[in-house]
Amino acid sequence: MLALGGLGLSTLAVQARTNSQRDFKTADLMGGAFAMRTSQLALTRTGNPDVVNFANAEIAEQVQVASALGAAPGSVPLRPDHATMLQRLQVTPSGPFDRMYVQGQIRGHRELLALNNSYLRTGGNPQEQQVAQMSLPVIQRHLAILSNLREMA
């Protein structure tokens with residue numbers, strides 16, 4: 001009986017680790033899908049060349065991250081809060097669009113920063129840890145760019 005109990009705990013630990021790994025990949029892809037879709041929208045809505053440059057860089061980054069995670073870019077659905085934000089951006093007039101886009105990108109990048117930092121400390125999949133390690137400096141650089149864009153918007 002004790003052996004079976006130990007086996008059960010080991011199985012639960014493996015399942016928890018597997019769920020954690022799947023959760024990282026899914027959460028990272030969901031955050032990336034939001035960043036990419038809102039950036040694609042920004043390319044059609046803004047006249048600000050700095051926002052255009054950022055949006056293009058963001059799209060390229062999300063294509064790379066999705067590929068590194070073995071997924072197609074935008075292959076996961078948006079989280080409900082991200083879908084709501086995208087809908088709001090779609091109907092926001094051009095004037096306030098840039099400010100709203102930048103604020104959404106800042107929130108999304110802060111979430112991705114926390115997710116990748118956490119997974120780097122506790123994750124068990126070496127490939128996904130490598131993605132997290134690769135993503136951190138890019139996310140930090142993007143947050144610095146976004147902070148400057150926020151001041152201009």
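**Contacts and helix packing in a five-helix chain**

Setting aside neighbours up to four places away in sequence, alanine 35 is in contact with Glu58, Gln62 and Gln105. Alanine 35 belongs to helix α1, which spans residues 2–45. With a relative accessible area of 3%, alanine 35 is buried, because buried means under 20%. Leucine 86 stands 51 residues from alanine 35 along the chain, and the C-alpha atoms of the two are separated by 9.8 Å.

The model is a predicted one. Its protein chain has an average pLDDT of 87, and 85% of the residues score at least 70. Residues 1–21 are a stretch where the pLDDT is below 50, with five contacts in the model beyond near neighbours in sequence. Where pLDDT is low, predicted coordinates should not be read in detail. Helix α1 is assigned to residues 2–45, and the low-scoring stretch covers residues 1–21.

The overall make-up of the chain can be stated briefly. The protein chain contains five helices and zero strands, and along the sequence the pattern reads α-α-α-α-α. Of its 153 residues, 40% count as buried. Among contacts in the chain with a separation of 6 or more, 75% are between residues 24 or more positions apart. The exposed area of the protein chain is about 8300 Å², and carbon and sulfur atoms supply 57% of this area.

How do two of these helices pack? Two packed helices are described by the angle between their axes and the distance between the axes. Helix α2, residues 49–68, packs against helix α5, residues 126–152, at an angle of about 170 degrees, and the axes are 11 Å apart. Angles over 145 degrees count as roughly antiparallel, and α2 and α5 are therefore roughly antiparallel to each other. On the α2 side, the contact is made by Asp50, Val51, Phe54, Ala57, Glu58, Glu61, Val65 and Ala68. The α5 side includes Gln127, Val131, Met134, Ser135, Val138 and Ile139, and further along His142, Ile145, Leu146, Leu149 and Met152. By class, the residues of this contact divide into 13 nonpolar, three polar and three charged.

Alanine 68 lies in helix α2 and is one of the residues that make the contact with α5. Not counting residues up to four places away in sequence, alanine 68 touches Gln127, Val131 and Met134. Alanine 68 and methionine 134 are 66 residues apart in sequence, and their C-alpha atoms are 9.9 Å apart in space. Is alanine 68 buried or partly exposed? At 24% relative accessibility, alanine 68 counts as partly exposed.

Asparagine 116 is found in helix α4, residues 94–122. Leaving aside neighbours within four places in sequence, asparagine 116 is in contact with Phe24, Asp28, Val131, Ala132, Ser135, Leu136 and Ile139. Val131, Ser135 and Ile139 are also among the α5 residues that make the contact with α2. The relative accessible area of asparagine 116 is 0%, so this residue is buried.

Helix α3, residues 80–91, holds arginine 88. With 49% relative accessibility, arginine 88 counts as partly exposed, because exposed means over 50%. Arginine 88 and methionine 100 are twelve residues apart along the chain, with their C-alpha atoms separated by 9.0 Å.

Technical notes. Residues are numbered from 1 along each chain as its sequence is written. This is a predicted model: local features need pLDDT of at least 70, side-chain atom pairs count only at pLDDT 80 or more; totals for chains, interfaces and linings use all residues. Side-chain values use heavy atoms; hydrogens and water are left out. Axes are lines fitted to C-alpha atoms, for helices over the stretch in contact, and angles run from 0 to 180 degrees between N-to-C directions. Helices (H or I, at least four residues) and strands (E, at least two) are DSSP runs, numbered from the N terminus. Angles under 35 degrees count as roughly parallel, over 145 as roughly antiparallel, 65 to 115 as roughly perpendicular and the rest as oblique. Contact means heavy atoms within 4.5 Å. Ala, Val, Leu, Ile, Met, Phe, Trp, Tyr, Cys and Pro count as nonpolar, Asp, Glu, Lys and Arg as charged, and the others, Gly among them, as polar. Buried means under 20% relative accessible area, exposed over 50%, partly exposed in between (1.4 Å probe, protein chains only). pLDDT is the predictor's confidence in each residue, from 0 to 100. Accessible areas come from the Shrake-Rupley method with a 1.4 Å probe; for residues, only the protein chains shown count as cover.
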